[in-house]
Amino acid sequence: MGHSAPVWDCRAATEITQDWNGIDQVVLRNPKGASARISLHGGQVCSWRNEQGEELLFTSSKAIFKAPKAMRGGISICFPQFGSCGSLEQHGFVKNKIWTIDDNPPPMCSDDIEGGSFVDLLYRSSEEDLKFWPYSFELRLRASLLPDGDLVLRSRIRNVNGKPFGFSFAYHTHLVVSDISEVRIEGLETVDFLDNLCQKERFTEQGDAITFESEVDRVYVSTPNVIAVLDHERKRTYVIRKEGLPDVVVWNPWEKKSKAMVDFGDEEYKQMLCVNGAALERPITLRPGEEWTGKLQLTVVPSSFSFDL
Ligand SMILES: O=P(O)(O)OC[C@H]1O[C@H](O)[C@H](O)[C@@H](O)[C@@H]1O
């Protein structure tokens, strides 16, 4: 009798659990023990762990896990607005809505299929939404955990409306860092940024790398598609790869702002860094029937690993 190699069953590697509000969460696992957890509340990625079980995404210890508010942490989907640049609620409304699992998503082209275990989520604009944002859309998210532990998020937004609409989009990504003072971001050198702390004034990044010694809230525009966040103390690097997302928001609230945030511990700014792949400076316009795709891939490598930015 021949021996067959064990086959990893991607379907069996996907489990549905519930959070303490009774909202479904999808848990993805890979053969080496890495995992990711995605909530139907906003399509938010609540957890991403490596094969040693270490959490790679920050969640505030004071996060409010109460519907309808998205919790502070993980990766939330900001659409059709990021921040307060528009008439809608901060970061748009889909992060506060209940999405569904999409068992039969429209096919992706073969180049867009990463493999691994994945889930497809869907949010369709509701009658209620149309009252304050009068455009019908379908927002799909495929969250994949690859065999090597990478997390890939691919969003597709389709205009199912009779008229064009414009939007901004961001993956609001909270990374866990050992100590923000020991962290540097590479890949944004010489890139222009809009400084949210100076009325969005435009500057050009002058340093070899971005380091942190006070509050930072910037939108780097038209950036390269690969950026690295180096955590010296923990001797590891997050590599952020993106497609369809020209801009990057870098945010750390530092001490004073942290104290003013009710759902954030006073000292937690030391362990958190937001680096958000985004489309902000030039909003995306979709005509009826058109679709936009944005992709984010997160990898963690040891600091000694060399890669090209
Ligand atoms: O407090 P939130 O609404 O979650 O926003 C948190 C932060 O998000 C982004 O990074 C913005 O650039 C910041 O200006 C904002 O303070």
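**Exercise 1. Which residues does A143 touch, not counting residues up to four places away in sequence?**

Let's work through this together, remembering that the model is predicted.

*Step 1.* Find A143 and set aside its sequence neighbours up to four places away.
*Step 2.* List the residues whose C-beta atoms lie within 7 Å of that of A143. They are L28, A36, I38, V45, F118, V119 and L153.
*Step 3.* Now put A143 in its setting. The largest nonpolar core has 67 residues, and A143 is among those with the most contacts inside it, along with V229, V250, V275 and A278. In soluble globular proteins, nonpolar side chains tend to be buried together.

**Exercise 2. Describe the hairpin of β3 and β4.**

*Step 1.* Locate the two strands: β3 covers residues 35–39 and β4 covers residues 45–49.
*Step 2.* Check how they are joined. Four bridges link them, and they run antiparallel.
*Step 3.* Pick out a facing pair: R37 of β3 is opposite S47 in β4.
*Step 4.* Look at the turn. Five residues sit between the strands, and G42 has a positive phi near 80°.

**Exercise 3. Trace the eight-stranded open sheet and find its edges.**

*Step 1.* Follow the strands across the sheet: β6-β7-β8-β9-β19-β16-β15-β11, with antiparallel pairing.
*Step 2.* Look for strands that pair on one side only. These are the edge strands, β6 (100–101) and β11 (183–186).
*Step 3.* Zoom in on the β6 edge. Two bridges connect β6 to β7, which spans residues 117–124. Here T100 faces L122 in β7.
*Step 4.* Set the sheet in the whole chain, which contains two helices and 19 strands.

**Exercise 4. Name the residues around the ligand and sort them by class.**

*Step 1.* Collect the names: G83, Q90, H91, N196, D217, V249, W251 and C274.
*Step 2.* Sort them. You should get three nonpolar, four polar and one charged residues.

**Exercise 5. Why does the radius of gyration of the protein chain agree with a compact globule?**

*Step 1.* Take the chain length, 309 residues; a compact globule of that length would have a radius of gyration near 19 Å.
*Step 2.* Compare: the protein chain has 19 Å, so the two agree.
*Step 3.* Add the outline. Along the principal axes, the C-alpha atoms fill a box of roughly 65 × 50 × 40 Å.
*Step 4.* Look inside. Of the 309 residues, 39% count as buried. Among contacts with a separation of 6 or more, 66% come from residues 24 or more positions apart.

Key
Residues are numbered from 1 along each chain as its sequence is written. This is a predicted model: local features need pLDDT of at least 70, side-chain atom pairs count only at pLDDT 80 or more; totals for chains, interfaces and linings use all residues. Two strands pair if DSSP finds at least two bridges between them. A nonpolar core is a set of buried Ala, Val, Leu, Ile, Met, Phe, Trp, Tyr and Cys residues joined through C-beta atoms within 7 Å. A residue is buried if 20 or more other C-beta atoms lie within 10 Å of its own, exposed if 12 or fewer, and partly exposed in between; C-beta atoms are placed from the backbone. Two residues are in contact if their C-beta atoms, placed from the backbone, lie within 7 Å. A residue is near a molecule or strand if its C-beta atom, placed from the backbone, lies within 6 Å of it. Ala, Val, Leu, Ile, Met, Phe, Trp, Tyr, Cys and Pro count as nonpolar, Asp, Glu, Lys and Arg as charged, and the others, Gly among them, as polar. The radius of gyration is taken over C-alpha atoms; the globule rule is 2.2 Å times the number of residues to the power 0.38.
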